[in-house]
Amino acid sequence: MKRSLALGLSLTLLASPVMATEKDTLKARQDRLSNQLEESKKAQDETDAELDITEAERDAVSTEIRAVNERLEGLSEQIVVQQEEADAARTELEETRDQLAAQGQYLESQKALLSERLRVLQVHEDRSYLQVVFESRSFGDFVTRLLTAQTIAEQDRDLIHTYMNEVERLETLEARQRTQLSFLKQKERELVVTKQALDVAAEQKRDLLSELNEQVELLELEKMSRAEEQALMNEQSRIIAGQLEAIATAEREAAEAQARAEAEARAKAEAEAKAQAEAKAAAEAKGQSDEKATASPAPTTPPPAEAPTNVSGPATSFVRPVSGYVSSPFGPRQNPLTGVAESHRGIDLVNATGTPIVAAAPGIVIKAAPATGYGNVVFVSHIVGGAVWTTVYAHLDSITVSSGQTVSAGQTVGTLGNTGWSTGPHLHFELHRGQWAPGQPNAVDPGPYIGY
């Protein structure tokens with residue numbers, strides 16, 4: 001069926017005066033597609049190389065981040081140990097200070113007694129022993145008093161010496177512990193500073209990794225888009241080749257039909273001439289030479305066979321693919337998704353999800369499938385006024401045609417939707433004067449062509 005429709009269209013084009021121009025246009029379009037396909041492949045090779053480099057950089061940064069994270073984990077463990085040691089030293093220092101405070105409280109409690117006894121010893125130091133002797137009632141009493149005085153004096157001296165030694169010991173211990181605690185705090189501060197520097201480095205590495213991931217995603221998206229572009233151009237080239245083949249077949253069949261018609265005409269003329277000659281010879285043999293033989297009508301060449309007229313010729317205008325209001329016209333705008341300035345290569349027609357979308361002119365479906373950015377999309381190639389045009393119907397909710405299918409103007413190709421890079425239900429419609437090409441250099445404003 002597809003073959004017969006394409007052949008019928010080609011026969012009609014053959015019968016039209018623009019046939020040669022149309023054939024040349026298709027050939028020129030096929031040549032341009034071949035060149036663009038080669039350029040796209042070169043660009044994809046460059047994208048692949050850039051993608052490999054970026055992925056290698058990303059892997060290197062990932063390795064560095066892992067190393068930094070391992071070092072951060074080690075530093076964190078060291079800081080924890082250092083904090084535990086500092087806490088232990090701080091506890092010991094507090095205990096020593098508590099002991100010093102307790103010792104001070106004990107000495108404070110003995111201070112009055114010790115001070116009085118020191119005062120007595122100082123005041124009566126020279127007469128102590130005389131007082132002990134003269135006040136003794138006997139020698140035995142004298143010895144007892146003398147020993148008691150010596151014991152009291154020795155106890156006082158021991159108390160003072162013990163106090164001084166304990167205070168000195170505790171002060172020495174406190175000084176050592178303060179030094180140790182200061183060292184631990186300094187080491188902890190150094191570790192914290194190092195960790196903070198590593199945290200900053202790690203954050204920078206993570207930011208770089210995030211940028212590289214975005215670059216990889218963009219390059220992968222570009223790679224995917226390039227592959228889709230090449231698939232679309234290959235499909236366009238295949239369809240053009242089919243159209244050229246159909247035209248060549250139509251030309252060959254027309255030439256064969258013309259040759260058969262001419263051969264039949266010649267055979268008929270020869271048969272009539274032979275019949276005339278035989279009739280004339282028979283008349284002469286009967287002696288009827290004086291009678292003028294009735295001449296047969298001169299053979300006439302039949303008119304050439306007319307071209308079929310039961311198929312539609314090339315379109316001369318476009319129909320509106322869907323009703324609705326224009327939310328975004330052709331030309332400069334801010335991308336609604338990214339906010340970046342761009343050139344909008346079509347128009348956006350807003351209507352309800354599921355509204356039928358129709359072909360703007362007769363043609364052949366180049367692509368009917370999801371595509372990056374476009375979502376569900378249909379590409380159709382047309383011949384309008386003897387020239388090649390391409391229409392694009394994007395963000396469809398559903399697709400009702402298939403690649404290679406022949407469609408008529410007004411035939412449903414899908415339904416309006418919100419697929420791909422879209423912010424709401426609408427039809428993104430593009431019109432290209434010639435084939436669709438990467439970068440959409442052939443796009444024109446479809447508004448004037450469909451009545452907007």
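**Exercise 1.** Determine whether I239 is buried or exposed in this predicted model, and describe its surroundings.

*Solution.* The relative accessible area of I239 is 6%. Buried means under 20%, so I239 is classed as buried. Next, place the residue in the secondary structure: I239 belongs to helix α4, which covers residues 139–285. Then look beyond the neighbours within four places in sequence: I239 is in contact with I364, V365 and I366. Finally, compare sequence and space for one of these partners. I239 and V365 are separated by 126 residues in sequence, whereas their C-alpha atoms are 8.8 Å apart.

**Exercise 2.** Identify which residues touch the most other members of the largest nonpolar core, and which elements give two or more residues to this core.

*Solution.* The largest nonpolar core has 24 residues, and those touching the most other members are F318, I357, V378, Y393, V413, L427 and F429. Two or more residues of this core come from each of β4 (347–350), β7 (375–384), β8 (387–399), β10 (412–416) and β11 (427–432). A separate core holds eleven residues, including L232, I366, V392 and W436. As a closer view of the largest core, take I357. Neighbours within four places in sequence aside, the contacts of I357 include Y393, V413 and L427, and these three are also named among the residues that touch the most other core members. Further contacts of I357 include P321, V322 and L396. In soluble globular proteins, nonpolar side chains tend to be buried together.

**Exercise 3.** Establish whether H428 is buried or exposed, and find which side chains make polar contacts with its side chain.

*Solution.* H428 lies in strand β11. Its relative accessibility is 7%; since the limit for buried is under 20%, H428 counts as buried. The side chain of H428 makes a polar contact of 3.1 Å with the side chain of D348. Another polar contact, of 2.7 Å, links the side chain of H428 to that of E430. Leaving aside neighbours within four places in sequence, H428 is in contact with residues including H344, Y374, V392 and H395.

**Exercise 4.** Characterise the largest pocket by its volume, its lining and the elements that contribute to the lining.

*Solution.* The volume of the largest pocket is about 1200 Å³. Its lining comprises 41 residues, with N335, E342, T372, G373 and W421 nearest the centre. Elements giving two or more residues to the lining are α4, β1 (325–328), β2 (331–334), β3 (341–344), β6 (363–371) and β11. Helix α4 supplies the largest share, seven residues. By class, the lining consists of 14 nonpolar, 18 polar and nine charged residues.

Technical notes. Residues are numbered from 1 along each chain as its sequence is written. This is a predicted model: local features need pLDDT of at least 70, side-chain atom pairs count only at pLDDT 80 or more; totals for chains, interfaces and linings use all residues. Side-chain values use heavy atoms; hydrogens and water are left out. Helices (H or I, at least four residues) and strands (E, at least two) are DSSP runs, numbered from the N terminus. Buried means under 20% relative accessible area, exposed over 50%, partly exposed in between (1.4 Å probe, protein chains only). Contact means heavy atoms within 4.5 Å. A nonpolar core is a set of buried Ala, Val, Leu, Ile, Met, Phe, Trp, Tyr and Cys residues joined through side-chain atoms within 4.5 Å. A polar contact is a pair of N or O atoms within 3.5 Å; within protein, one must be able to donate a hydrogen and the other to accept it, and residues adjacent in sequence count only if both atoms are side-chain atoms. On a 1 Å grid over the protein atoms alone, a cavity is a set of points where a 1.4 Å probe fits but cannot get out, and a pocket is an open set with protein on both sides within 12 Å along at least five of seven lines; lining residues have an atom within 4 Å of a point. Grid points are joined across faces, edges and corners, and a volume is the space filled by probe spheres set on the points. Ala, Val, Leu, Ile, Met, Phe, Trp, Tyr, Cys and Pro count as nonpolar, Asp, Glu, Lys and Arg as charged, and the others, Gly among them, as polar.
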